[in-house]
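Good morning, colleagues. Today I shall walk you through one protein model, moving from its surface to its interior and then to its side-chain contacts.

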Amino acid sequence: MMAVWNLITFKEQGGTFGDSCPNRNVTVYFRSGAPPVINPLYTRFPRDTIVPGSFAVTLTWTLPNRTTGAFNVTSPLPGDWFLAAHLPKDEGKISVKGLSEECQYLFQPQLIVQRLIGISVLYPGYFIDQMIPVHNRSALYKVFIPNYISKVKVQLVNCSTKNKSSESCPVVLKIRARAPPVHNSSALDCRECNPCELDTLVPAWEQWYYILVERYLTNCNVYFRIGVQVTDCSKSNLSKDQAQPSSSMNMPQSFGTAMGFSLSETLSMASLPGPSQNANQLHTSEDSIIYLAPTADTNKCWPIRPTLRNELDTFSVHFYVFFGPNISIPPDRAAVFAINLMPVLDSGGVLNMELKLNLSTLKGANVTVFGCLNHGMPLFLRENSSLKCESESVAGFFLSVNASANITKLRIPYPQTGTWYLSLRSLCGTEHGFEACTNITAEVYMRSYLTPCINDCGTYGQCKLLRTNNYLYAACECKAGWEGWGCTDNSEAYSYSFQLLSTLLLCLSNLMFVPPVAIAIRSHYLLEASVYIFTMFFSTFYHACDQPGIVVFCIMEYDVLQFCDFLGSLMSVWVTVIAMARLKSIIKQVLYLLGAMSLSMALQLDRHGLWNLLGPSLFALGIMAVAWTVRTIRRRRCYPTHLEALGVLPLPGHHDCHVCRGPLRLCGDGGELLLHPQHLAHADSRERGLPPATSRQA
């Protein structure tokens with residue numbers, strides 16, 4: 001069984017092959033059951049955060065515009081696999097949109113799966129005769145392990161070659177959960193063991209276990225009898241009369257089908273005889289299938305308490321305990337809880353676990369509550385074992401609270417879906433280590449919930465829901481130089497004084513609009529002045545709201561401020577150039593109105609487009625050039641001259657220029673601004689229909 005990923009990456013620029021694009025290596029991450037938690041910038045994770053592992057492959061470019069790679073997984077785990085790919089950190093160069101074609105890197109993964117069919121199925125407690133022929137190297141079997149199984153033992157007996165018994169069995173026995181065994185799976189050399197028995201403690205519940213019998217290189221057939229023995233811990237030895245009041249755990253305790261199938265239910269569905277009460281009896285049928293009843297575990301599996309699921313929003317789920325959230329942990333056994341995460345729907349968030357010890361219930365004793373959070377099956381902490389949240393094949397996450405540290409937290413980003421188990425056990429510290437407490441029932445406040453991001457990304461971040469190929473997940477977008485999964489890494493963060501200075505300088509730069517506004521008002525260009533005031537106002541508050549840090553001030557929604565700032569900037573260019581064209585009043589007003597409507601439409605289509613600025617500017621410059629050309633033709637000389645160029649600007653005080661003296665002339669047409677007294681009189685007489693005034697010689 002094998003899965004092969006063919007990883008293909010293309011470079012594209014402007015709809016064609018991007019041969020001129022730089023070679024940027026692509027890193028691809030793989031993870032089974034949930035999206036990979038990646039950290040390409042090597043930032044610090046928040047406290048109490050667990051980072052799940054994943055596989056990584058880096059693709060280097062072998063061709064100018066294409067590269068390929070392969071990732072092989074032997075005996076992959078079943079279920080969903082997630083891939084994440086990213087480019088190296090960008091250099092941060094600023095480019096104008098539309099001025100040049102951007103380089104795009106397209107990632108196309110392909111999956112090829114080779115499946116195994118016809119795998120023999122074993123049933124717990126049943127032994128069958130098997131043979132590995134000489135032309136085969138191995139034989140593969142699978143067995144389903146239901147809930148409440150504390151131990152799985154694979155037994156291989158009556159091993160022989162060529163129908164002759166031998167002292168040693170030339171085979172290797174391997175076992176693995178959920179997928180066929182690989183080179184690092186649990187194994188046992190049967191040549192050194194007689195009988196050949198391979199044990200698996202704390203097996204995964206409701207999973208298929210695959211058993212591989214691989215023979216050594218011999219030129220003969222290998223005969224053996226194989227079976228699987230399980231240890232059932234679903235029946236507690238505590239009766240209602242023996243149970244203490246504090247052991248009731250505040251809720252009904254049962255092993256119903258809500259938590260899956262038990263061993264007896266699994267055998268009944270397979271139409272096989274159920275477990276016998278007498279474990280010493282052997283049941284032999286005509287086809288040489290032997291049945292041995294399962295043994296009971298002296299360390300019973302304690303009842304598992306389910307949790308209620310309350311969905312508030314996307315990736316926002318609270319898990320409530322019956323009659324909680326305060327939990328009474330009895331001194332004689334563990335309290336186990338089950339948290340069920342839905343496939344795909346819950347894997348894109350963060351699983352949070354919080355424990356708080358009630359110190360008033362300890363009665364001065366040195367009590368420590370240990371917790372173990374594990375996926376797939378519970379790991380029970382016992383007083384006669386080492387305080388580790390792990391077994392031979394799996395490892396969980398360890399928690400503890402005591403009188404000195406009564407609060408603990410745990411965060412798991414992108415958790416695996418399925419059932420998570422939390423086991424809580426209270427132990428008392430003595431000179432010989434931790435032992436079971438007597439007559440002390442610790443009380444713990446437990447809070448378990450699912451959130452989109454870690455701590456809502458804190459003060460310097462914003463939690464965003466992202467979608468890639470119809471898969472929804474959450475991530476933090478940090479600002480002000482803060483980095484990390486929770487925006488808690490301040491190694492490159494901006495100080496408060498730097499943020500305040502940057503904001504003030506950017507906002508106060510809009511005071512440069514004050515001189516143009518004053519000149520326009522004094523020159524009676526009131527419409528142009530109103531546009532400048534509009535731009536100055538919204539540009540100031542837009543930049544105050546657009547800051548990346550905590551020095552932010554928003555008087556309106558961000559989108560409204562951005563639209564008004566962009567519209568005001570474009571309108572300022574438009575009205576200035578149209579005013580310089582010196583058109584008739586009615587034509588100028590029509591152009592102002594058409595420009596405002598056209599620019600509003602263009603900003604709604606593409607607010608950051610290059611032609612939003614170049615288009616109106618070039619069009620207005622064209623109108624101004626046409627108007628100046630017409631005046632040049634009418635005057636039969638260049639308009640404006642190097643001195644007349646000042647006359648096209650809204651100069652202050654031009655309505656009082658009749659007091660001026662001297663032959664300075666900026667314009668020569670009667671409908672234009674004239675600074676010579678004779679020209680003013682000539683223009684006034686033409687306006688009243690009177691003959692022009694004659695000039696007197698000095």
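Which helix gives the most residues to the nonpolar patch? Helix H2, which covers residues 496-508, gives the most, with four residues. Please keep in mind throughout that this is a predicted model.

Let us look at the patch itself. On the surface, Tyr496, Leu500, Leu504, Leu508, Leu511, Val514 and Ile550 form a nonpolar patch, and together they have about 630 Å² of accessible area. One of these residues, Leu511, sits in the loop between H2 and helix H3, the latter being residues 514-522.

We now turn to the interior. How many cavities of 30 Å³ or more are there? The count comes to one cavity. The space in this largest cavity is about 50 Å³. Its lining includes Gly348, Gly349, Val350, Tyr414 and Trp485, and also Ala474, Ala475 and Cys476. Strand E33, residues 471-478, supplies the largest share of that lining, namely three residues. What is the character of the lining residues: nonpolar, polar or charged? Nine of them are nonpolar and two are polar, while no charged residue takes part.

Next, I come to the aromatic rings. The structure holds 25 aromatic pairs. One of them joins Trp5 and Phe71 in a tilted arrangement, with 6.2 Å from centre to centre and 40 degrees between the planes. This pair links distant parts of the chain, since Trp5 lies in strand E1 (residues 2-13) and Phe71 in strand E5 (residues 66-74), 66 residues apart.

Finally, let us consider charged contacts. Side chains of opposite charge can pair when their charged atoms come close. The model contains 13 salt bridges. In one of them the side chains of Arg225 and Asp129 meet, at 2.6 Å from N to O. Here too, distant parts of the chain are linked: Arg225 belongs to strand E17 (residues 222-232) and Asp129 to strand E9 (residues 126-132), 96 residues apart.

Thank you for your attention.

Terms used:
Residues numbered from 1 in each chain as written. Predicted model: local features only at pLDDT ≥ 70, side-chain atom pairs only at ≥ 80, totals over all residues. Heavy atoms only, no water. 1 Å grid on protein atoms, 1.4 Å probe; cavity = no way out; pocket = protein on both sides within 12 Å on 5 of 7 lines; lining within 4 Å. Points joined across faces, edges and corners; volume = space filled by probe spheres on them. Helix = DSSP H or I, 4+ residues; strand = E, 2+ residues; numbered from the N terminus. Nonpolar A, V, L, I, M, F, W, Y, C, P; charged D, E, K, R; others polar. Patch = residues over 30% accessible without salt bridge, like charges linked within 9 Å, V, L, I, M, F, W, Y side chains within 5 Å. Areas by Shrake-Rupley, 256 points an atom, 1.4 Å probe, with all protein chains shown as cover. Salt bridge = Lys/Arg side-chain N within 4 Å of Asp/Glu carboxyl O. Phe/Tyr/Trp six-rings, centres within 6.5 Å; stacked < 30°, edge-to-face > 60°.
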